[in-house]
Amino acid sequence: IQDVKSSKQQTVLKEMKLMGKDLLSMLCVPVILFVMIMLIMPIGTGAATNLWSAIADDWKVDANTVALITGIISGVVSAGGCIIGGFIADRWGNWIAYLGAGTLCAFVTIIMAALPYQPAVYIGGVLVYAFSLGLLNAAFSSVILFAIGTKGASTKYSLLSSIGNIPVVYMTAFDGWAHDNGGSKFMLTAEAFAGILFVIICIVVLKFLRTKKLLYKPADNATPISGDVYTAIRS
C-alpha cells in the first residue's frame, strides 16, 4: 500500500469541499444509493444477539452455558463465518453474499421458533446465528468497499458503516416489543419475517436496476454525475 503524501496546496477547507462533493456524487449513482438504503434495512441485523441472555430461561439454559455460548464460542464461530463470507463475496458477488447471509439469519430464527424449548436448540441456534452474522459482516464490509471506491475511503467507510448501525438499534427495540407481546418464539419469527420481506424487496430492486443497466458505478477518476466512465460490478 503506497503512502498518502501530503500536498501544501491542499488546505483543510479544500479537502472538506472535495469530500462534500464526493459524498454528494454518491447519492447521484443509483446503485450506490441503493446500497446506502439497503444498509438501513432490517436484513441480518443480529438484533437477537442483544437479547440472547435475557430470553435464555425459556430454553432452560443455565447462566454459565449462556456466558460460554454467547461469549467466546460465538466469537470464534462468527470469525469463521467472516472468513467464509469474504470468500463467498469474492466468488459469487456482493449481492449473493449479503442477501444470502441475511436469509440464513432469518431461517435460523424460524427454525428456533419451530423447535421445542430445549437447551440444545438454544445452543445450536445461537451458534448458527453467530456464524450467519459472520458471513454478513464480511458481505457488509464488501458492499461498503464497493460503494466508497478509493477516494476519501476512510471517511466514507466510517459514514456508511455508521449507517449500518441504525437497523441494529430499531430492530433490538422491535425484538423487545415483540417479546413482550408474544414471547420469545414470536420475537424470533417476527425478526425473521421482517428480514425475509426486505430481502425480497432488495431482489426486486436489483432486478429492476439490472434491467435498466444501472448496476454500475462511476470509476473513481470519473465525474460521477456525468457518468462518462463506468466500471461494472459483479452482479
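Start with the pocket lining: select the residues around the largest pocket, and by class you'll find 13 nonpolar, 12 polar and no charged ones. Keep in mind as you look around that this is a predicted model.

**Stop 1: the largest pocket**

How much space lies in this pocket? About 340 Å³. The lining counts 25 residues, so for a quick way in, pick Gly44, Thr45, Gly46, Leu133 and Asn137, which lie nearest the centre of the pocket. Next, colour helix H4 (63-92), helix H6 (119-148) and helix H8 (166-211): these are the elements that give two or more residues to the lining. Which of them gives the most? That's H6, with seven residues.

**Stop 2: the second largest cavity**

Searching the whole structure turns up two cavities of 30 Å³ or more. The second largest cavity has a volume of about 70 Å³. To find it, select Pro42, Ile43, Gly44, Thr45, Gly102, Cys105, Ala106, Met171, Glu191, Ala192 and Gly195, the residues that line it. Gly44 and Thr45 may ring a bell, as they were also among the residues nearest the centre of the largest pocket.

Helix H5 (94-114) and H8 are the elements that supply two or more residues to the lining of this cavity. H8 has the largest share, with four residues. Sorted by class, the cavity lining comes out as six nonpolar, four polar and one charged.

If you wonder how such spaces are found, rolling a probe the size of a water molecule over the atoms shows where empty space is left.

**Stop 3: step back to the whole chain**

Now show the full cartoon. How many helices and strands does the protein have? Eight helices and two strands. Follow the chain from the N terminus and the elements run α-α-α-α-α-α-α-α-β-β.

Switch on a surface for a moment. The protein exposes about 12600 Å², with carbon and sulfur atoms supplying 67% of it. Of the 235 residues, 41% are buried. For a sense of how the chain meets itself, take the contacts between residues at least 6 apart in sequence: 79% of them join residues at least 24 apart.

**Stop 4: helix H2 and the loop after it**

Select residues 30-39, which make up helix H2. Is H2 mostly covered or mostly open? Mostly covered, with seven of its 10 residues buried. Light them up one by one: Val31, Ile32, Phe34, Val35, Met36, Met38 and Leu39.

Step on to Ile40, which sits in the loop between H2 and helix H3 (52-55). Why does Ile40 count as partly exposed? Because its relative accessible area is 35%, and partly exposed covers values between 20% and 50%. Show the neighbours of Ile40 too: setting aside residues up to four places away in sequence, Ile40 touches Ile163, Ile166, Pro167 and Tyr170. For a distance to draw, link the C-alpha atoms of Ile40 and Ser162: they are 9.8 Å apart in space and 122 residues apart in sequence.

**Stop 5: two lysines in loops**

Jump to Lys60, in the loop between H3 and H4. Lys60 has a positive phi of about 60 degrees, though it isn't a glycine. Is Lys60 buried or exposed? It counts as exposed because its relative accessibility is 61%, and the cut-off for exposed is over 50%.

Then head for Lys213, in the loop between H8 and strand S1 (216-218). Lys213 also isn't a glycine, and its phi is positive as well, at about 60 degrees. With 66% relative accessibility, Lys213 counts as exposed.

**Stop 6: a spot on H4**

Go back to helix H4 and click on Ala79. Ala79 counts as partly exposed, at 39% relative accessibility. Draw a line from the C-alpha atom of Ala79 to that of Leu135: the separation is 8.7 Å, though the two residues are 56 apart along the chain.

**Last stop: colour by confidence**

Finally, colour the model by pLDDT. The average for the protein is 86, and 88% of the residues score at least 70. Where does the pLDDT drop below 50? Over residues 221-235, a stretch that has 29 contacts in the model beyond near neighbours in sequence. Where pLDDT is low, the predicted coordinates should not be read in detail.

Notes
Residues are numbered from 1 along each chain as its sequence is written. This is a predicted model: local features need pLDDT of at least 70, side-chain atom pairs count only at pLDDT 80 or more; totals for chains, interfaces and linings use all residues. Side-chain values use heavy atoms; hydrogens and water are left out. pLDDT is the predictor's confidence in each residue, from 0 to 100. Contact means heavy atoms within 4.5 Å. Buried means under 20% relative accessible area, exposed over 50%, partly exposed in between (1.4 Å probe, protein chains only). On a 1 Å grid over the protein atoms alone, a cavity is a set of points where a 1.4 Å probe fits but cannot get out, and a pocket is an open set with protein on both sides within 12 Å along at least five of seven lines; lining residues have an atom within 4 Å of a point. Grid points are joined across faces, edges and corners, and a volume is the space filled by probe spheres set on the points. Ala, Val, Leu, Ile, Met, Phe, Trp, Tyr, Cys and Pro count as nonpolar, Asp, Glu, Lys and Arg as charged, and the others, Gly among them, as polar. Accessible areas come from the Shrake-Rupley method with a 1.4 Å probe; for residues, only the protein chains shown count as cover.
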